[in-house]
Amino acid sequence: MSDSSALLGGDAEADPETIMCEALEKVRDHLSMDISYMAELIGDTVHFRRASDPKGLGLIDITASRPMNDLYCGYMLEGKLPRMMPNVSEFPLARDLPITKEMGVESHVSVPLFRNNGEFYGTFCCFSQRPNPSLNERDYNIATMFANFAGNTLNKSLEAANDLQRITDRINKTIEDQSFAIYWQPIFDLEKNLIVGSEALSRFDSVVYQSPDIWFAEAKKVGLQCELELAAIRAALKQINMLPPHVYVSLNASPETIISGRLFELMKNAPCDCIIIEITEHDAIDDPVKLLKMMSELRRIRVRFAIDDLGAGYSGLNTVLRLRPDYMKLDRALVAGIHADPARQALAAAMVNFASEIGATLIAEGVEHPEERDMLQKIGVPLVQGFLFARPAPLETIWLSQRIKATG
């Protein structure tokens, strides 16, 4: 538990807003004041952000703002007013401000808040409608301590918001500039010894490398998952006429993107006979009913589906039973070292039988060694994909023909 959480008596996992509001409540109680609040200074305007008002006086509207010269904080920063006024009427400047009469302020405590870069953010304040002559330096120190807790939490929250904004700006610019490439990784039929499909994978331009998984996870975090996935799918669709007619195209989409209906609109003008949508999901599916409905609509225009990463996250048998995919992709975690692991072999064999029973085709992902390929073929896994056969690459560098063999 953090020091602030311990002092406030709160949960170490409490969200920042809860911690800041609890700090306001605690300091107001300790100082026996009527109201406490936090305010932010933007330019010459003070914006009220949070308030603790247990008596329901309604004097602080957290949606409102006031000119800085109407309030104490500007004069406090200039040294014209003290940060603690047990009796406001003893300070002519404070006594004559309109805010004093409007709110009936008789005692006031104000602690400045600063951003991590040293810039002034605003104030952490308490006031009462009666004088409080007992206020002393110790009280101000305690108010400062709570203000620091709130300020530290505030700064963490501001930094997190800034990080999210940077991610949002970067992803929006990536989509706008189309500063990503589509790489393709072939999918091989072991029995026929030829390429039967190819998965479209995104590769992003960036000064600091981030894996595609991180890009899409960050897009989800800032509410841009659907936009980024659709941008990648559009880019891939522009290239599929370069593939041989017998090669199907595998495109990745999250349940959220499918549910949105925007994928359906995109697919209506695509050659759906050769398209498989790989449903990517490492978390529980939020709305399986809506997902099934949209899958039904897509199937109506001949789109097929695959469950990606079977055996990882929530991509388990329950998902398969619900979605009834046309393809199931064994995750690399189940494929790695399968030639030396009887348990993996037994599970893969069971998946082969299960896929056959529900009319699906099994694909083993992440095949990197000849021994893994040989065991998968012995077990009866029909399709494979991995570095052993081909690494993802731009379409123009891949010789997509039946002359490419699955011999590794």
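This passage walks through the cavities, the largest pocket and one helix pair of a predicted model.

Start with the enclosed spaces. The count comes to 3 cavities of 30 Å³ or more. The largest cavity holds about 70 Å³ of space, and about 50 Å³ lies in the second largest. Around the largest cavity sit Tyr 37, Phe 48, Ile 60, Leu 71, Tyr 72, Ile 99, Met 103, Val 105, His 108 and Phe 127. Sorted by class, that lining comes out as 9 nonpolar residues and 1 polar one, with no charged residues.

The second largest cavity is lined by Tyr 37, Val 46, Phe 48, Leu 71, Tyr 72, Cys 73, His 108, Ser 110, Thr 123 and Cys 125. Some of these names have come up already: Tyr 37, Phe 48, Leu 71, Tyr 72 and His 108 line the largest cavity and also line the second largest. Three strands, β2 (45-52), β5 (107-114) and β6 (120-128), each give at least two residues to the lining of the second largest cavity. Here the split is 7 nonpolar and 3 polar, and once again no charged residues turn up.

Next comes the largest pocket, with a volume of about 1100 Å³. Its lining takes in 38 residues, and those closest to the centre of the pocket are Glu 199, Leu 201, Asp 213, Asp 308 and Asp 309. Several elements supply two or more residues each: the strands β7 (180-189), β8 (194-204), β9 (248-253) and β11 (304-310), along with the helices α7 and α8. As for the make-up of the pocket lining, 14 residues are nonpolar, 11 are polar and 13 are charged. Charged residues, then, are part of the lining of this pocket, whereas the lining of the largest cavity has none.

The two helices that help line the pocket also pack against each other. Helix α7 covers residues 212-221 and helix α8 covers residues 225-237; their axes lie 7 Å apart, at an angle of about 140°. An angle over 145 degrees would count as roughly antiparallel, so α7 and α8 are oblique to each other instead. On the α7 side, the contact is made by Trp 215, Phe 216, Ala 219 and Lys 220, and on the α8 side by Gln 225, Leu 228, Glu 229 and Ala 232. By class, this contact between α7 and α8 brings together 5 nonpolar, 1 polar and 2 charged residues.

Technical notes. Residues are numbered from 1 along each chain as its sequence is written. This is a predicted model: local features need pLDDT of at least 70, side-chain atom pairs count only at pLDDT 80 or more; totals for chains, interfaces and linings use all residues. Side-chain values use heavy atoms; hydrogens and water are left out. On a 1 Å grid over the protein atoms alone, a cavity is a set of points where a 1.4 Å probe fits but cannot get out, and a pocket is an open set with protein on both sides within 12 Å along at least five of seven lines; lining residues have an atom within 4 Å of a point. Grid points are joined across faces, edges and corners, and a volume is the space filled by probe spheres set on the points. Ala, Val, Leu, Ile, Met, Phe, Trp, Tyr, Cys and Pro count as nonpolar, Asp, Glu, Lys and Arg as charged, and the others, Gly among them, as polar. Helices (H or I, at least four residues) and strands (E, at least two) are DSSP runs, numbered from the N terminus. Axes are lines fitted to C-alpha atoms, for helices over the stretch in contact, and angles run from 0 to 180 degrees between N-to-C directions. Angles under 35 degrees count as roughly parallel, over 145 as roughly antiparallel, 65 to 115 as roughly perpendicular and the rest as oblique. Contact means heavy atoms within 4.5 Å.
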